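Hello,

Here is the structure I promised to pass on to you. Please have a look at it first, and then read on for my notes.

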Amino acid sequence: MFDLKKYSNGNIKNDVLSGLVVAVALVPEAIAFSFIAGVSPVVGLYTAFILGLITSLIGGKAGMVSGATGAVAIVFVGLGLEVTTLFQAQGASKDALAMGVLNYILLATVVAGLIQIGIGALKLGKFIRLVPTPAIHGFVNGLAIVIATAQFKFFDGQGYMMYILVLITMFIMYILPKYTKAVPAGLVAIIFVTLGVYLTNADTLLLSGLDDMSKYAGQLPTFGVPYYLFSLDAIVLVLPFAVIVALVGIIESLLTLSVLDELSNTRGSANKECIAQGTGNITCGFFGGMAGCAMIGQSIINYTSGGIGRLSSFVAAVGLIILVVSMSGVLNTIPVAVLVGIMFMVSIGTFEWSSFSRISRMPKTDAFVMVTVTLITVVEDLAIAVIAGVIISALAFAWKHAKIFSRVHTEEDGTRVYELDGPLFFGSATTFADNFDIPNDPSKVVIDFKDARVMDASGVEAVDAITKKYEDAGKNLLLRHLSADCKAILKKAGPHCSYEEDDPTYKVAYNY
C-alpha cells in the first residue's frame, strides 16, 4: 500500500499525471483485447480497472500496470471455441451462446487466479530467475514488435490524415522530453492532437468509431457469482485453459517486473506479485471481468512518464473507470491516431536496440536464444517463447559443462591421486570414467572431489560404477571430499569414502 507521507509534491504530480496518461492508453487496449476474447468491450474495461486497482495496492512492484492483455485473451479464444461447440450441439440461441462463453471465461478466470495465488504462496515465483537474460531480451523485443504490429489494423480504410496525426504524436513524444519532463509527453500529445482534430474537424477515426463509449456511462462493476462455479463438468472443461492463463499471466507479469527492475534499479517481489495477480483475477471473475496480467507497454509508459510509485498505477485504474462511467463523451472525441502514435513510441522505447550491437559479441547459443524467443513471441505467444528459451539455454548449459576434468599426480608412497574439476551430473556422467586409467593405475588410488561436485542421481551412479571397476581390478580406492548427503546415498562407493574436516555440505538432487 502506498504511503502519502513518503511522497514529495513532485512525486505526487508525476504519479498522477502519468497515471492519467496510462488510463487513457488503457481504453483502446482493453476494448481490442475484449474483441479478441469474444466478449463485450466492457468486460476488458472492468478487467483493467479491477486488476489494475488491486495490483497497484498489493502488487510486487510499485508503478507496474495490469489489465486485459493479448497474451491472455488469445487463450480465451480456444475456450470460446470449445464452449461454442458445446452450446451449438444443444441448440442454444445467439444470446445464450454469448452469455455461456462469458460465464465460462469468468469461471476460468477464477480458477486461474486460485492457481496464481498457490504459486505465490508456495514461493515459486523465484523460479523466474531461471529465465536467462537473452530470453528476457528476446521477450522484450518480441513484445515491442507485437505492440507495433497490433496498431496496423487501425490504418485500414483510413486516409492520409491518420498518418499525419500519428507522426505528429510521435514527434511530440520524441521532442518534448528533451525540453521538459514536468508534464508527460503522452498527455500533451493526447490533448494537443484531440483539440486540433476537434477545432479543424479533420476526417479521422475517433475512439467512438471503434465502440461508442457513451453506452457504458454510469455502469460500475457489480458482484455476481460465475454461473458454472459449482459445476464439476464446467471446471474440468476450463481447467486446461485456466492453467495456461495462470502460467502465461505469471510469466508475462514477472518478466515485466524484471524489465522494470532494470529501469528503476530496484527489486520487486515476484511471489507478492503472483498473489496480487491471483487475487485480482479472482475478483475480476466475480465482478464481470476476464483474467489479465501485467502490461509491459503501459508499465513502460508509466515509468517513462515519471510514474514510479503505487499512486501512479492506482490513478490509472481509477482514472480509467471514471473516464468510462462519467466522461465517455470526452473519450469518444479522442482520435485513434494519437493512441497509435503513443503505442508506436512505446514499441520503439521497449525494443532492446543494444541487443543488435551485442549479438555479434555474445556466445552463439545466447544469440540463438534471443532471436528464437523474439520470433516465437511474435508468431506464437509469450509462454511458449519463454519456455523454449529456458529449455534451449538449459540444454546449452548442460552441453557446455558436460565434461569433468582431472589433474593426476603420484605421491611418494606410489599412491595415484585424481583431483577432479567440474560438475558431475547427467551431462558429464557418461564421460566421467574416461578420466581414469584403471589397468595401469597402482594398487592405491585416491579420487579427490574437492573441486568437483556430485549434482544428481546420475553422478552418484557414476561414482558407484567407477568404484566397482576398481574393486573388480583388486585395487584399493579412497574417495575424498564428498558431502555427507552424497556419501549417504552411495551404495558401492560408501565404504571407500573418507571423512575430512573440510568436507563440503552440498545436497544432491536425488529421488529418495
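Two residues are in contact here when heavy atoms of theirs lie within 4.5 Å. With that in mind, let me start with Met64, keeping in view that the model is a predicted one.

Met64 sits in the loop between α2 (41-58) and β1 (66-67). Which residues does Met64 contact, leaving aside its neighbours within four places in sequence? They are Ser253, Thr256, Leu257, Leu260, Glu273, Ala294, Ser299, Tyr303 and Ser313. Met64 has a relative accessible area of 1%, and because buried means under 20%, Met64 counts as buried. Glu82 is another matter: 18 residues separate Met64 and Glu82 in sequence, and their C-alpha atoms are 33 Å apart in space.

Now the chain as a whole. The protein chain has 19 helices and 6 strands. Its C-alpha atoms fill a box of roughly 100 × 60 × 50 Å along the principal axes. Of the 512 residues, 54% are buried. Taking the contacts with a separation of 6 or more, 80% are between residues 24 or more positions apart. The exposed area comes to about 23,500 Å², with carbon and sulfur atoms supplying 64% of it. As for charge, there are 33 positive and 38 negative side chains, and the centres of the two sets lie 5 Å apart.

Among the helices, I looked at α14, which covers residues 336-350. How far should its 15 residues span at 1.5 Å a residue? The expected span is 21 Å, and the end C-alpha atoms are 21 Å apart, so the two agree. α14 is also mostly covered, with 13 of its 15 residues buried.

The strands towards the end of the chain are worth following in order. β4 (residues 416-424) pairs with β5 in the parallel sense, over 8 bridges. One pair to look up there is Pro423, whose bridge partner in β5 is Arg453. β5 (residues 444-454) in turn runs parallel to β6, and 5 bridges join them. In that pairing, Ile447 stands opposite Leu479 of β6, and Asp448 stands opposite Arg480 of β6.

β6 itself (residues 476-480) has two faces. In a regular strand the side chains alternate between the two faces of the sheet. Which residues of β6 are on the covered face, and which on the uncovered one? Leu477 and Leu479 make up the covered face, while Asn476, Leu478 and Arg480 form the uncovered one. Put together with the bridges, Ile447 thus faces a β6 residue from the covered side, Leu479, and Asp448 one from the uncovered side, Arg480.

Finally, two backbone angles for you to check. His481 lies in the loop between β6 and α19 (484-489), and its phi is near 60°, a positive value in a residue other than glycine. Lys123, in the loop between α4 (94-121) and α5 (133-149), also has a positive phi, of about 60°, although it is not a glycine. Are these two residues buried or exposed? His481 is buried, with a relative accessible area of 8%, whereas Lys123 counts as exposed at 52% relative accessibility.

I hope you enjoy looking through it.

Best wishes

Definitions and conventions: Residues are numbered from 1 along each chain as its sequence is written. This is a predicted model: local features need pLDDT of at least 70, side-chain atom pairs count only at pLDDT 80 or more; totals for chains, interfaces and linings use all residues. Side-chain values use heavy atoms; hydrogens and water are left out. Helices (H or I, at least four residues) and strands (E, at least two) are DSSP runs, numbered from the N terminus. Buried means under 20% relative accessible area, exposed over 50%, partly exposed in between (1.4 Å probe, protein chains only). Accessible areas come from the Shrake-Rupley method with a 1.4 Å probe; for residues, only the protein chains shown count as cover. Lys and Arg count as positive and Asp and Glu as negative; His and the chain ends are not counted. The place of a charge is taken as NZ of Lys, CZ of Arg, CG of Asp or CD of Glu. The expected span of a helix is 1.5 Å times one less than its number of residues. Two strands pair if DSSP finds at least two bridges between them.
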